[in-house]
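Dear colleague,

I am passing on the structure below, and would be grateful if you could look through it alongside these notes.

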Amino acid sequence: MPTDLPSFSSSHGGGSVKYNPSTKLCTNIYCHSNGNPAAIVYQNPVAWNVSATYGCSSCHGTSGSFAGAPDYPNGGPVPSPTANSHPGHVGVTSDTTICSACHAKTVSRSVSGVLKDYTAVRYHLNGSPNVYLDPLKAGAAASFNPGNAQCSNVICHGGNNTLSWGADSGKPKCQKCHGYRTPGWNALNGATANSDAKVGAHFNHISSTSYKYSRSMSCAECHAASIALPTDNVNATGHYDTAPPAEISFNALAKTDGLNPSYMSGICSNTYCHGASLPASNPSRANPAWSSLLLTGSATLGDGVAGGNNPGSGDCAQCHGYPPQNDHTATNCNGCHKHLNPDNMTFNDPSLHINGVVDGGSCLGCHASVKAATGTSAPNMRAAIAGQFNAQSHHIQKGDGSAVTNADCYFCHMEADASGNTTSYHQKTTKAAVDLVIWSGGARSANFIRYTANGSRNQVNKINSHCLGCHSTTSPPADPFGDGKSPSRYAWDSRSIEEKYSNSTTTTWSQYSTANTNRKKHLKKAYSAHGNAANNQMGWSSTTGYEVDVANFTGNVNVNCYDCHNSHGSAAAGVTSSYSSATGKYKGAILKHISSAGTGGYTNKYKPTAHTASTGEYNSYNAGAAVCFDCHNTRLQNSALALGGYSPWGYNDIFGSSQALNGYWDTPYFGAYSTNSVKRYPYKGMVSTRYGKSMAKPAGGHFGVSATMGTTVSGSINGLCTPCHDPHGVSQNTTKVANPVYGVPLLKGTWLTSPYAEDVAPANTNRSRGGGSRENTLPGVGGGSDPLYNIDQNTFQADRTHLPATVPSRTFGLFGTSAVTLQTQTSATSGGLCLTCHNQSAIAPNAGGTAPTWKTTSRIHNTVTGWGSTSTGNAGNVVHSYTCSKCHAPHVSQLPRLMVTNCLDVKHRGRVASGGTVAATAGNNPTTNNGNMMAATAITTGKGAGRFPAGGARWTGTPSTSKYPGPWAFGATTTTGTTPDAAYTTNCHNSATAGGSAWVPSNQIWNTRTNW
């Protein structure tokens, strides 16, 4: 092989060629040129012994043109030697397979950057442009005339003939083929009528029309598969690779708000561009015919009512009504949307209309109305929050009465700056998240949570950190909104919400646990019942009450800030809080209120509503209690409520509780329903001979007194739960709650829940009671009853069984044990919360002094620990040392005065409504002396006597050492002996200072209210 190449004049050489053996370089060789012999530009290769890879752009696209197309300047149409229309054909693609449409014998149709197998050897580097049209891309009838350099019948140009190569019509790219006229659009087939689908409404879309309601739409918005955004690349797959008609496939704009648009039979359906995602959109307007020219340049006012009958007419009404049919009632569009002119019809910046976002003039302007989400069910519709700042209760309470401004949004929202302008955090799209600031150390920080209002617990949970940033324990902000109001301003205990809500401490519910107390101590209570739900228990049984272990029925899902409160403001009316705010007395709390269905993550409307009790009810309450009642008594979310609206939560499906969150003595909403005590003991619900009505339902409570109060009360419940309860948690301020152990559940003071078993009348009236050494040998039946009242002696002491073991006598703990040594909690601890309103001076003025009259309020309350009066058997509380809860329920009860016991009322003996009795005369006949069996002879001694309710037998004489004592109720101090025990002779309340020294069954009754 020669090593020198002085010249090479073949078609591949193209003229004088030089090869330098020293450098091994070829110069001026056609093989490495732009390929145009008439305007040759050489691209000299690297040295022969240097490895290199060459592509199309190495020779005839050296400026970096797409796909390596020749890039020399166009010298005009053929016969100009530098005619060049490549840029308009190749466009922006780098895929060389596009070149095969015209150079079918040169370039591979399927693989980019590769010449065609076999034929390229002949049809490349041969001094010719080698134009051979590919029938699959240009059409079977397509042809090319090299004489005038024109194509005919090519699909690429809509089947039309083309200009000569290098010629330019001067029209924009798309119009070179599709044409353009005003008004209208020329079809490729020459049609000009709008009824032809190739014409239709093209002009209105790509020109923005003379009315300019939007930017000019790119062809790719409707022909996404054919035209590539953003440059309208005509070479995109699908553009001209098939014969007309054009394929319709929508791009992102038409799909805004999650829509799924379609085109069929000349109708565009479900497109964002025509308002398909707007509320109350009319299908006849939102699904226009392609052949219709809808715009006129005018609009006529409609009613502005969501779902109304009159959306208006004209241009604006074609999509969203004039005004829009949600909560817009005026046509002052420019007030919020500054891209409109003051005439509210024309646009100064049409690019901000129909652009996938809502562009408003201000935070308060846009957020004054509901923004719809997609579809008929829209829990993420944007709420109209601006008006909430004018509601009864709201954040930002300016003392000077000035209005809330856009700048106020900055305090809570990352989307606003300190001047009230929107920031880059504002996404301006439907269903977008909102970025809520987390305050820290008393100042606005750069930290935030991203919250989406879709109703999920995950999202609702997030809001807590936002709220507690201000309502915090550590360095709460002194004035976060610049309105002179600190978050601690309204705290009843001067403590933060975070301190209480975030407290993870637990305690047992009751503080007593013996064999005879109820089982409340087996339940665990959290100081923060709402914030520590998994560790807060509640349980009772409608068949056994609290007397046996009960299963916890509460859930483990926390109640969050946003469950009970709105974020901006609330129109919940009337009394909503136990404190007063800048908006008025008792008008705080910003309670949960959903004014528009489908907003804020909620499907339906909700508003806590006050209730006025009707006849037979005692549960008049205000809106502040309604929110508690609705949550505690509604099983499933979105359930219809009796007073209107739908529940935003369900105690079962949202919070996981298996039953309504009411106490054993409560009824739903404290209303006229049968109590659990009645379900357990039906006789308690029988018709009262005294009151002339069934006793099954509540007779009164804190939301409705059973009778006019006879004492002065120093506080008011005011139809609320919050005078007694703090829903955020038990306060750690010991001035307010002296011992938090007694502050559960969520109390604003101390209270000892009752450790006593429920009092009930005896069921059996022929019980053989007593004991003694001869009990097992006695003939016949007894005539006695089991005493089922529960006082200190038989609650806090273990039962006593007398000896020997063969004697089945059972007794309660020793009667002689002082009660105050058994129940030791002072009234300030066991009933401190009660004493806030019911002062001791009002209900027990004689405590420690001379005993007041029997059955009076003061005498009854002498049974409270530390309140015993002198001159009675209870001096120093040796007999009774009760808690408030021994006799009273906290909320509602079927007995008057919130009483839960009617013990010692003999007329219910046998668990009857009336007619129960105890014989007045003692004797040995179980029938005539029923309930007052007294041994007259030795053979009847062990049968048991003891008048109701003391119980217990006594001997006719002094017991001997061979005869075991056998009182059934209160035990003897010894198991054998000759001295009669006090239990033999004690008859409750029979003394000159009590019911009377003469024994009469009715004298056992200790009050004037509960006997029915």
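What follows covers confidence, cavities and two serine residues, in that order.

This is a predicted model, in which local features need pLDDT of at least 70 and side-chain atom pairs count only at pLDDT 80 or more, while totals for chains, interfaces and linings use all residues. Residues are numbered from 1 along each chain as its sequence is written, and side-chain values use heavy atoms, with hydrogens and water left out.

The mean pLDDT of the chain (the predictor's confidence in each residue, from 0 to 100) is 83, and 83% of the residues reach 70 or more. Among the elements, which are DSSP runs numbered from the N terminus (helices H or I, at least four residues; strands E, at least two), helix α10 (residues 623–633) has the highest mean pLDDT, 98, and strand β19 (residues 970–971) the lowest, 50. Residues 1–11 stay under 50 in pLDDT and have 15 contacts (heavy atoms within 4.5 Å) beyond four places in sequence. The stretch 773–780 is also below 50, with 19 contacts in the model beyond near neighbours in sequence. Where pLDDT is low, the predicted coordinates should not be read in detail.

Turning to internal space, the model holds 6 cavities of 30 Å³ or more, a cavity being a set of points, on a 1 Å grid over the protein atoms alone, where a 1.4 Å probe fits but cannot get out. The largest of them contains about 230 Å³ of space, where a volume is the space filled by probe spheres set on grid points joined across faces, edges and corners. Its lining (residues with an atom within 4 Å of a point) is made up of 22 residues, of which Tyr 683, Asp 759, Ala 761, Asn 902 and Cys 903 lie nearest the centre. By class, the lining comprises 14 nonpolar, 5 polar and 3 charged residues.

Ser 510 sits in the loop between β12 (506–508) and β13 (524–526), and is buried (under 20% relative accessible area, 1.4 Å probe, protein chains only), its own value being 0%. A polar atom of the Ser 510 side chain lies 3.2 Å from the backbone nitrogen of Tyr 512. Leaving aside neighbours within four places in sequence, Ser 510 is in contact with Lys 520, Lys 521, Thr 753 and Pro 755.

Ser 542, in the loop between β13 and α9 (561–564), is partly exposed (between 20% and 50%) at 29% relative accessibility. Beyond four places in sequence, Ser 542 is in contact with Asn 676, Lys 679 and Arg 680.

With best wishes

Key:
Polar contact = N/O pair within 3.5 Å; in protein donor to acceptor, adjacent residues only side chain to side chain. 1 Å grid on protein atoms, 1.4 Å probe; cavity = no way out; pocket = protein on both sides within 12 Å on 5 of 7 lines; lining within 4 Å. Nonpolar A, V, L, I, M, F, W, Y, C, P; charged D, E, K, R; others polar.
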